[in-house]
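Biologist: I am new to this structure and would be grateful for a close look at a single part of it, chosen with contacts between charged side chains in mind. Please then set that part against the rest of the chain.

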Amino acid sequence: MSSIDKIHELFTESIRVKQQCLAHDLGCLVKMGTKIVKSIETGGKLMICGNGGSASDAQHLAAEM
């Protein structure tokens, strides 16, 4: 598989996942965001963890916040 083919495959998969998300009710994302904000505003915590690749995702999310 060429580099161009691999990049195309990755982009296509990313688009597919996003289209699946759009096909569902996005209200759960709003609820989640609201709960996170409320927790932080009231002195609570948001604990983010993972194992392996998920740990890297958790570190990235924590750094973004």
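Modeller: A salt bridge, as the term is used here, is a side-chain nitrogen of Lys or Arg within 4 Å of a carboxyl oxygen of Asp or Glu. The model is a predicted one, and a search of the whole structure finds two such salt bridges.

The pair formed by Glu9 and Lys6 comes first in this account. Their closest N and O atoms are 3.4 Å apart, which is a salt bridge because the limit is 4 Å. Both residues belong to helix H1, where three residues, or about one turn of the helix, separate them. An α-helix has 3.6 residues a turn, so residues three or four places apart point the same way. Neither partner is hidden from the surface: Glu9 is partly exposed, with a relative accessibility of 38%, and Lys6 is partly exposed as well, at 36%. The term partly exposed applies to values between the limits for buried, under 20%, and exposed, over 50%.

The other pair consists of Glu13 and Arg16. Here the side chains meet with an N to O distance of 2.6 Å. Helix H1 again holds both residues, and about one helical turn lies between them because they are three residues apart. As for their surroundings, Glu13 counts as partly exposed at 38% relative accessibility, and Arg16 counts as partly exposed at 37%.

Helix H1 itself covers residues 3-22, and among the elements of the protein this helix has the highest mean pLDDT, 95. The lowest mean, 92, belongs to helix H3, residues 53-64. For the protein as a whole the mean pLDDT is 93, and 100% of the residues reach 70 or more. Another charged residue of helix H1 is Asp5. Asp5 is partly exposed, with a relative accessible area of 45%.

How does this part relate to the rest of the chain? The protein has three helices and zero strands, and from the N terminus on its elements run α-α-α. Two separations lead away from helix H1. From Lys6 to Gly27 there are 21 residues along the chain, and their C-alpha atoms are separated by 33 Å. From Asp5 to Gly43 there are 38 residues along the chain, and the C-alpha separation is 48 Å.

Gly27 brings the account to helix H2, in which this residue lies; Gly27 counts as partly exposed because its relative accessibility is 24%. Helix H2 spans residues 27-41, and its 15 residues reach 21 Å from the first C-alpha to the last, close to the 21 Å expected at 1.5 Å a residue. After helix H2 comes Gly43, whose phi is positive, near 85°. Lys35 also lies in helix H2 and, at 64% relative accessibility, counts as exposed.

Beyond helix H2, the loop between H2 and H3 contains Leu46, a residue that is partly exposed with a relative accessible area of 34%. Lys35 and Leu46 are eleven residues apart in sequence, and their C-alpha atoms are 9.8 Å apart in space. Leu46 and Met65 are 19 residues apart along the chain, with 10 Å between their C-alpha atoms. Leu46 and Met65 also share a nonpolar surface patch of about 430 Å² with Ile40, Ile48 and Leu61. Of these residues, Ile40 is found in helix H2 and is partly exposed, with a relative accessible area of 46%.

The overall dimensions complete the setting. Whereas a compact globule of 65 residues would have a radius of gyration near 11 Å, the protein has 16 Å. Along the principal axes, its C-alpha atoms fill a box of roughly 50 × 30 × 15 Å. Of the 65 residues, 2% count as buried. The protein exposes about 5900 Å², of which carbon and sulfur atoms supply 63%.

To return to the part requested, the two salt bridges join Glu9 with Lys6 and Glu13 with Arg16.

Definitions and conventions. Residues are numbered from 1 along each chain as its sequence is written. This is a predicted model: local features need pLDDT of at least 70, side-chain atom pairs count only at pLDDT 80 or more; totals for chains, interfaces and linings use all residues. Side-chain values use heavy atoms; hydrogens and water are left out. Helices (H or I, at least four residues) and strands (E, at least two) are DSSP runs, numbered from the N terminus. The expected span of a helix is 1.5 Å times one less than its number of residues. Patches are made of residues with over 30% relative accessible area and no salt bridge: like charges are joined within 9 Å, nonpolar side chains (Val, Leu, Ile, Met, Phe, Trp, Tyr) within 5 Å. Accessible areas come from the Shrake-Rupley method with a 1.4 Å probe; for residues, only the protein chains shown count as cover. Buried means under 20% relative accessible area, exposed over 50%, partly exposed in between (1.4 Å probe, protein chains only). pLDDT is the predictor's confidence in each residue, from 0 to 100. The radius of gyration is taken over C-alpha atoms; the globule rule is 2.2 Å times the number of residues to the power 0.38.
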